[in-house]
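Student: Could we take a close look at one helix in this model, and then at the packing of the chain around other parts?

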Amino acid sequence: MSRVYNFSAGPSCLPEEVLNACAAEMLDYQGTGQSVMEMSHRSKYYEPIIQDAEAMVRKLMNVPSNYKVLFVQGGGSTQFAMVAQNLGIKNKKAAYIETGVWAKKAAQEAAKLGVEVTTIASSKDKGYSYIPRVEKVEGDYDYVYICYNNTIMGTHYEYIPETGNIPLVADISSCVLSEPLDVSKFGLLFAGAQKNLAPAGVTLVIVREDLIPEASECLPGTPTMSVYKTHADNDSMYNTPPCYTIYVLGKVLHWIEANGGAEGMLKRNKEKADYLYSFLDSSDFFRATTEVGSRSLMNVPFLTKYSNDVTKAAAKVAEEEQTAEQKAALAKEKEINAKFVKEAEAAGFINLKGHRLVGGMRASIYNAMSLEGVKALVEFMKKFAAAN
C-alpha cells in the first residue's frame with residue numbers, strides 16, 4: 001500500500017527521510033548492535049543523542065545562553081500545571097488570554113492550584129475564530145499566558161503581546177519551528193512534540209534560568225517531577241526520559257536544518273497555507289472558519305455550504321429546543337461532512353474530520369506535509385464540491 005496523506009492534528013505525519021533513517025537503524029544503531037529503543041539512557045551511546053537534540057534546539061531556535069532547554073514527559077497538559085507550580089509563586093496571580101480550548105484548560109488548571117487567574121482578553125464572543133489584540137499587559141501578575149497557535153480553532157498570533165517585566169508564557173505545541181520565533185521575548189515556551197517535532201512522548205520546555213525556582217519555593221505540594229529545577233539540574237535525565245522519541249526529535253531537527261531552518265519552514269508552510277486558504281476563500285462550497293489576520297499556517301478548519309446560520313443557531317440550543325428546520329439543517333451538515341471524510345479517506349487523505357467543538361473538517365499541514373499533498377487535497381475537494 002502506498003503512503004497516505006496524513007492531515008492529523010497530532011500525532012502528525014513525519015518526514016519520510018526521517019522515517020527511513022529510523023528504520024535503517026532500528027535493529028542496529030551505528031554499530032552498537034542494539035536499537036535506541038533498547039538503549040540505556042545512562043550509556044555512552046545515548047548521551048550524545050540527547051545532547052545533540054538539545055544543541056539542535058538551541059541552534060535552530062537561537063535560544064539565548066541564559067535559557068534552559070528541557071525534555072520532559074506528560075505532554076502539554078502537564079505543563080498547564082507545571083507553569084503555575086513553578087511561576088505562579090510570588091503573588092499567586094496570572095493573566096490568561098483565552099483563545100480556545102487549550103488556553104482555557106490551562107487557566108482552569110492554574111486556578112485549581114490556587115493561582116488567581118484573570119482572563120484579560122477572550123475571543124469566545126465569535127467562537128474563538130480570531131486572536132484578540134492585547135497591546136500591553138500591566139499588573140502584579142506572576143506571568144502572562146497565551147496559546148500561540150490554536151490547533152482546534154485554527155488561529156495564530158500575528159504579534160507578541162508586550163508584557164514588560166512580566167514573564168510571557170506560550171504554548172507553541174502546534175507551531176514550534178514552523179517559523180522563526182524570538183525566544184528572548186518569552187519567559188517560558190513549551191511544545192508537545194507530536195505535531196512538528198517527533199512522535200508523542202516528550203515535551204520541549206525552554207525556560208529562562210531566573211524563572212526556575214528551588215523546589216522549596218514552588219507552590220506547596222508540588223511533586224519532584226513537576227519542579228523545573230529537577231530536570232534542569234539533571235540534564236533532563238532525572239529519571240528515564242522518552243529515549244526513542246528524543247532520538248527521532250533529533251533527526252527531525254536535522255531535517256529542518258537541511259531544509260532551511262525556521263526560515264525555510266516558514267516559506268514552505270506559507271506556500272501550503274496560502275494555496276489552501278486561497279481555494280477556500282474562492283470556493284462556493286467550502287469556507288474557512290477563521291478570520292483573516294488570525295489564520296494558522298498549521299491547522300485549517302473548514303466547513304461546507306451546508307453549515308449556515310440555521311445550523312449554527314441549532315448548535316447553540318438543546319436538542320429538544322431545536323426547530324424542525326434546525327434539526328434538518330444539522331442532519332444535512334453531519335451527512336455531508338461524514339461523506340466528505342469517508343470519501344477523502346478512500347482517496348488517501350486521512351484524519352480530516354474536524355474537532356467536535358468546531359465541526360466540519362480540519363486539515364493540519366505541519367512542517368512534514370508537502371505542498372504536493374495540499375495540492376492533491378484541493379483537487380479532491382474540487383471534485384467533491386462538483387459532485388455534491
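Tutor: Helices here are DSSP runs of type H or I with at least four residues, numbered from the N terminus, and on that basis histidine 231 belongs to helix H5, residues 228–233. The model is predicted, and every statement below should be read with that in mind. Histidine 231 has a relative accessible area of 3% and is therefore buried; leaving aside residues up to four places away in sequence, its contacts are Leu70, Val72, Met82, Met225 and Ser236.

Turning to helix H4, residues 101–112, its 12 residues at 1.5 Å a residue should span 16 Å, and because the end C-alpha atoms lie 17 Å apart, the expected and modelled values agree. Val101, Ala103, Ala106, Ala107 and Ala110 are the buried residues in H4. An α-helix has 3.6 residues a turn, so residues three or four places apart point the same way. The buried residues of H4 pack against helix H3 (75–87) and against strands S3 (93–98), S4 (116–122) and S5 (143–147), while after H4 comes glycine 114, with a positive phi near 95°.

As for the wider packing, the largest nonpolar core holds 95 residues, of which Met61, Phe71, Ile172, Ile206, Leu280, Phe286 and Phe340 touch the most other members. Helix H6, residues 243–258, supplies the largest share of this core, with 10 residues. A second, separate core has 25 residues, among them Leu188, Val205, Ile212 and Tyr228. Isoleucine 206 touches residues including Val57, Met61, Val63, Val183 and Leu188, not counting those up to four places away in sequence.

Methods
Residues are numbered from 1 along each chain as its sequence is written. This is a predicted model: local features need pLDDT of at least 70, side-chain atom pairs count only at pLDDT 80 or more; totals for chains, interfaces and linings use all residues. Side-chain values use heavy atoms; hydrogens and water are left out. Helices (H or I, at least four residues) and strands (E, at least two) are DSSP runs, numbered from the N terminus. Buried means under 20% relative accessible area, exposed over 50%, partly exposed in between (1.4 Å probe, protein chains only). Contact means heavy atoms within 4.5 Å. A nonpolar core is a set of buried Ala, Val, Leu, Ile, Met, Phe, Trp, Tyr and Cys residues joined through side-chain atoms within 4.5 Å. The expected span of a helix is 1.5 Å times one less than its number of residues.
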